[in-house]
Amino acid sequence: MSTNRPVVVLAEELSPATVEALGPDFEIRQSDGTDRDRLAADLADAHALMVRSATTVDAEVLAQAPRLKVVARAGVGLDNVDISAATEAGVMVVNAPTSNIVSAAELTCAHILGLARNIPPATAALKAGEWKRSKYAGLELQDKVLGVIGLGRIGGLVAERMKAFGMEIVAYDPYVTSARAHQLGAQLLSLEELYERADVVTIHMPKTPETLGMLGAAAFERMKDSAYVVNVARGGLVDEDALEQALQAGSIGGAAIDVYASEPSTHLPFFSRENVVVTPHLGASTAEAQEKAGVSVAKSVRLALAGELVPDAVNVAGGAIDELVRPGIPLIEKLGRVLTAVGSDAFTDVETEAAGEIAELNVDALQLAALKGLFTDVVSEQVSYVNAPVLAEQRGITTRLTTTPDVGDYRNALTVRGATSSGAQFEVRGTLTGPKQVEKIIGINGYDLEIPLTEHLVIFEYADRPGVVGALGRILGQHGLNIGGMQVSQSTKEERALAVLAVDAALPTGVLDEIADEVGAALAAEVDLEERG
């Protein structure tokens, strides 16, 4: 029987702890997400939908739920939720991006131990009636070197746990400070140095065009012939063809893989090798991780239906945010991403500033959005408004939010500043202009300019002289790239200039370096601000 309470539909079986976390303020309705007709009927007057992985939430489902305010996925992935359709329908989408970090870290450690002691092949042999003690002799991890690529939350947990086995920890992460690495007992190295020194290489990076196939033929060639490779992070970070070739050639000692470029995968060539351990994407497959995910999104549902800021919303800022502040959230998130691109090193201090009329309002959400942008392109975890401050804290970054009524020529302006351990300072300013609230960059590192924030931006700083603008256009034209907009800001005092170009597509590999060499750029950065679904 329907009541006046908001209706929450559980499309799949969720733990009692999840239902308990929702509390008594809602009408809980159990449905079957695999039965589309039944789900449609249950969603007719629903305010929230909670799913795991078996329920597909697409435009058709959303169209049948006119009162729906939030879709909550009790887990990390969102492959079964059409985020674009939800956004268009005004439906918030939340998940539990930090629910599986311990489970993923522990599986990584289990794979390292399994490889070192040949546990899977020894088990298979004994079950087949074969007693082969000498064949499956292993190695001790004590005094061996663990190379961690990506020292974020999961990579950091792996480092802490394997250090307890007496392993020496080396790491590569350009966005982690040496102070944070020291806290974890890790030594920061270049990738090449890590490959050459590590006995075990484990990767915990986000899946981006730059990291796709990161562990490939060149990496395997640099590794020790005895080195083990572990990937429990993202499918595609390891080049699977190159891995098979390296194993066949004996260039590495073995591998443990939990994630694959295409899933499900059941017949990859290296599956049959005794020195390879494979699991079917089990990183989050523990009872604890599933329960954490359910409880986390239940709390998010409560916030969403109460009209509060939802920390784990992946498509909207949500919550009780002043209408004057709300348009600044996507703007300052993008400014954070630009700051990451123009920065020369890991930041130790980040300041978010709101200037103008909004300085009198609650602008806390702007700092969360700025930090979310700062980490979006550089960490393996899915960054949300709730875990962005945690990511900063873990990396030893001091953060602060400041406000000022002084804004110069603009009604409001937002700024993100970053400082590195070497004392270098970086700054990106932006504003919203006109009735359509167009997002613009109005300053970078002290250079004044005004250019719309488009999907693909290229930024160069160079000694101011004739011919540079022509060189920029010529090289981009040679590669078939159109310049949609461009502005050059000059610093007459230092005889330097900054050029910001809006181009119609991402630069092909090597073009940024080609232009930087041609114009002698002291700063060369590319920023990809395309929507991520």
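These are my notebook entries on selected helices, strands, loops and a pocket in this structure. The model is a predicted one.

**Entry: parallel sheet**

I started with the open sheet of five strands. I read its order as β2-β1-β3-β4-β5, and the pairing is parallel. Which strands stand at the edges? I found β2 (27-30) and β5 (92-94) there. Each has a single partner strand, so one side of each lacks a neighbour in the sheet. I also looked up the turn between neighbouring strands of this sheet: 20° on average, direction ignored.

Next I took the β2 end. Strand β1 (residues 7-10) pairs with β2 in the parallel sense, and I noted four bridges. Within that pair, V8 stands opposite I28 of β2. I then checked the two faces of β2. E27 and R29 make up the covered face. I28 and Q30 make up the uncovered one. This fits the general pattern: in a regular strand, side chains alternate between the two faces of the sheet. So I28, the residue opposite V8, belongs to the uncovered face of β2.

Then I went to the β5 end. Strand β4 (residues 70-73) pairs with β5, again in the parallel sense, over three bridges. I looked up V70 and found M92 as its bridge partner in β5.

**Entry: helix α5**

I checked whether the length of helix α5 agrees with its residue count. The helix covers residues 101-116, which is 16 residues. At 1.5 Å a residue it should span 22 Å. The end C-alpha atoms lie 23 Å apart, which agrees.

How many residues of α5 are buried? I counted 12 of 16, so the helix is mostly covered. The cut-off for buried is under 20% relative accessible area. Among the buried residues I listed I101, L107, C109, H111, I112 and L115. S103, T108 and G114 are buried too, as are A104, A105 and A116.

I also looked past the end of the helix. N118 follows α5, and its phi is positive, near 55°.

**Entry: loop between α6 and β6**

I looked up two residues in this loop, which runs between α6 (119-127) and β6 (145-149). A128 is found here. Is A128 buried or exposed? It is exposed, with a relative accessible area of 56%. I also took its separation from D45. The two are 83 residues apart in sequence. In space they are 57 Å apart, C-alpha to C-alpha.

D143 sits in the loop between α6 and β6 as well. Its phi is near 70°, a positive value in a residue other than glycine. D143 is exposed, at 62% relative accessible area.

**Entry: a cis peptide bond**

I noted the peptide bond from E263 to P264. It is cis, with omega near 0°. Where is P264 found? I placed P264 in the loop between β11 (254-257) and β12 (276-278).

**Entry: second largest pocket**

I recorded a volume of about 210 Å³ for the second largest pocket. Its lining has 16 residues, and the closest to the pocket centre are L324, I358, N412, L432 and Q437. Which elements supply at least two lining residues each? I found α13 (328-342), β15 (412-420) and β16 (425-433). By type, the lining divides into nine nonpolar, five polar and two charged residues.

I followed up Q437 from this list. Q437 is in the loop between β16 and β17 (438-444). Its phi is positive, about 50°, although Q437 is not a glycine. Q437 is partly exposed, with a relative accessible area of 36%.

**Entry: antiparallel sheet**

My last stop was the open sheet of four strands. The order is β20-β21-β19-β22, and the pairing is antiparallel. The edge strands are β20 (483-491) and β22 (523-528), and each pairs on one side only. The twist averages 10° from one strand to the next.

How many bridges join β20 to β21? I found eight, with strand β21 (residues 496-503) running antiparallel to β20. Within this pair I looked up Q490, which stands opposite A497 in β21.

Notes:
Residues are numbered from 1 along each chain as its sequence is written. This is a predicted model: local features need pLDDT of at least 70, side-chain atom pairs count only at pLDDT 80 or more; totals for chains, interfaces and linings use all residues. Side-chain values use heavy atoms; hydrogens and water are left out. The expected span of a helix is 1.5 Å times one less than its number of residues. Buried means under 20% relative accessible area, exposed over 50%, partly exposed in between (1.4 Å probe, protein chains only). On a 1 Å grid over the protein atoms alone, a cavity is a set of points where a 1.4 Å probe fits but cannot get out, and a pocket is an open set with protein on both sides within 12 Å along at least five of seven lines; lining residues have an atom within 4 Å of a point. Grid points are joined across faces, edges and corners, and a volume is the space filled by probe spheres set on the points. Ala, Val, Leu, Ile, Met, Phe, Trp, Tyr, Cys and Pro count as nonpolar, Asp, Glu, Lys and Arg as charged, and the others, Gly among them, as polar. Two strands pair if DSSP finds at least two bridges between them. Axes are lines fitted to C-alpha atoms, for helices over the stretch in contact, and angles run from 0 to 180 degrees between N-to-C directions.
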